[in-house]
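Work through the exercises below with the sequence and the model open. Each task is followed by its solution.

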Amino acid sequence: MESERFERVMAVMRREVPDRVPWSIWGHFPAVDWLGRYSWEKSTRDGEESAASHIALLRELDYKMDLLKVTPYYRFMAMQWGSSFDFRDNREDAPTLSTVVKEAEDWGKLWVLNPKKELREYVRANEILARDLRRMPFIYTIPSPIIQAMNGVGTPERVLEDMESNPDALRQGMETITETTIDFAKACVDAGAAGIFFGIGGGGRIWRDFTVEQLEEYALGYDRRVLEAVDCPIKMMHICSTPQGNAEDKGLMEAGWFKKYPVDCINWDAHEYTWLDRAKEIYGDRFAVCGGLNRVTTLRTGTPADVEAEVKKAIDDAGEGGGFMLGPGCTVYQDMPRDNYNAVGRAAIRYG
Ligand SMILES: [Zn+2]
């Protein structure tokens with residue numbers, strides 16, 4: 001792709017100094033309150049709805065993001081296998097009604113989903129974005145297989161029990177989910193995505209409830225297969241965490257454990273645990289870092305001036321030497337005001 005924005009982002013991915021610090025904000029755009037006309041539920045079965053909502057959001061902003069991250073409902077593969085979720089009033093949190101895997105033997109009933117059949121609409125969203133954005137690079141969100149197994153295909157309780165009592169059944173399910181994820185991620189890149197946003201952690205519970213050995217087998221083991229199978233310019237990894245399930249519980253972030261992942265860039269909620277400058281010390285020789293925007297407080301309820309101050313602080317703390325991009329951790333809330341999106345863009349130009 002020939003574009004100034006793409007080159008800016010790629011300089012960061014190579015851990016070089018960009019012409020200015022790039023920024024991106026991601027959320028469940030079909031559910032964004034001030035966008036109004038799009039359906040979160042419909043976007044899970046209609047690639048056009050998903051693509052159109054992302055384009056509409058970009059068009060409504062006064063400043064251009066440097067990278068678009070496309071965020072589908074992250075249980076979209078589970079939906080194809082038969083899990084159901086409660087979409088209501090366009091609320092972005094669509095709680096689980098039932099999961100396809102209820103008992104250990106159900107892992108064996110999953111099949112590899114076809115990007116041309118069951119996952120067609122999600123690939124189509126990539127095709128439409130590639131056609132209509134042209135010089136705006138975008139990456140598509142790919143959830144880690146174990147996170148899908150725990151949140152949507154099955155439940156955390158099912159996975160935790162099967163790791164102990166039925167590991168072969170669980171491994172069979174993980175194989176199917178992993179093969180599906182690989183095929184789908186490749187299809188997104190073939191359709192024009194500049195890369196993938198690979199979400200691990202799923203709220204952070206695995207960091208708390210899995211042993212390091214279990215993380216190495218069931219998270220890293222399958223994640224690595226996905227990441228190594230996909231060839232694309234941008235591999236950004238999201239280390240999902242919350243204060244309730246914090247990576248600090250095992251000191252994984254501080255220990256540099258995430259260096260085992262073959263990615264270009266890491267992203268996490270830097271306000272919840274390790275701050276940007278410390279993360280750069282630990283990971284800066286391997287990964288670019290992306291983060292610094294607090295989706296829970298500043299972006300959601302702060303004033304534009306608060307947001308601008310936060311951008312300045314993040315750049316002051318992490319911009320030196322390059323390899324840094326501004327972003328939130330997890331998705332921003334659907335009620336984050338439009339003015340605060342603009343404040344990030346304005347401040348990135350002013351301070352970046
Ligand atoms: Zn997250």
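**Exercise 1.** Classify Tyr 73 as buried or exposed.

Solution. The cut-offs for relative accessible area are under 20% for buried, over 50% for exposed and partly exposed in between, with a 1.4 Å probe and protein chains only. Tyr 73 has 4% relative accessibility, so Tyr 73 counts as buried. The model is predicted: local features need pLDDT of at least 70, side-chain atom pairs count only at pLDDT 80 or more, and totals for chains, interfaces and linings use all residues. Residues are numbered from 1 along each chain as its sequence is written, and side-chain values use heavy atoms, with hydrogens and water left out.

**Exercise 2.** Determine how the rings of Tyr 73 and Phe 87 are arranged, and place both residues in the chain.

Solution. A pair of aromatic rings is described by the distance of the centres and the angle of the planes. Rings of Phe, Tyr and Trp (its six-membered ring) pair if their centres lie within 6.5 Å; planes under 30 degrees apart count as stacked, over 60 as edge-to-face and the rest as tilted. The structure holds 13 aromatic pairs. For Tyr 73 and Phe 87 the centres are 5.0 Å apart and the planes are at 65 degrees, so this pair is edge-to-face. Tyr 73 is in the loop between β1 (68-70) and α3 (76-81), and Phe 87 is in the loop between β2 (84-85) and β3 (96-98), 14 residues apart. Helices (H or I, at least four residues) and strands (E, at least two) are DSSP runs, numbered from the N terminus. Ring pairs also join Tyr 73 and Phe 87 with Trp 40 and Phe 85 in a cluster.

**Exercise 3.** Do the same for Tyr 283 and Phe 287.

Solution. The ring centres of Tyr 283 and Phe 287 are 5.9 Å apart and the planes are at 15 degrees, so the pair is stacked. Tyr 283 counts as buried at 0% relative accessibility. Phe 287 is buried as well, at 2%.

**Exercise 4.** Which residues are the protein donors of the zinc ion?

Solution. Donors are N, O and S atoms within 2.8 Å of the metal (3.2 Å for Na, K and Ca); water is not among the atoms, so sites may look incomplete. His 238 (NE2), Cys 240 (SG) and Cys 330 (SG) lie 2.0 to 2.1 Å from the zinc ion. Their spacing in sequence is H-x1-C-x89-C. His 238 is buried at 6% relative accessibility, and Cys 240 is buried at 9%.
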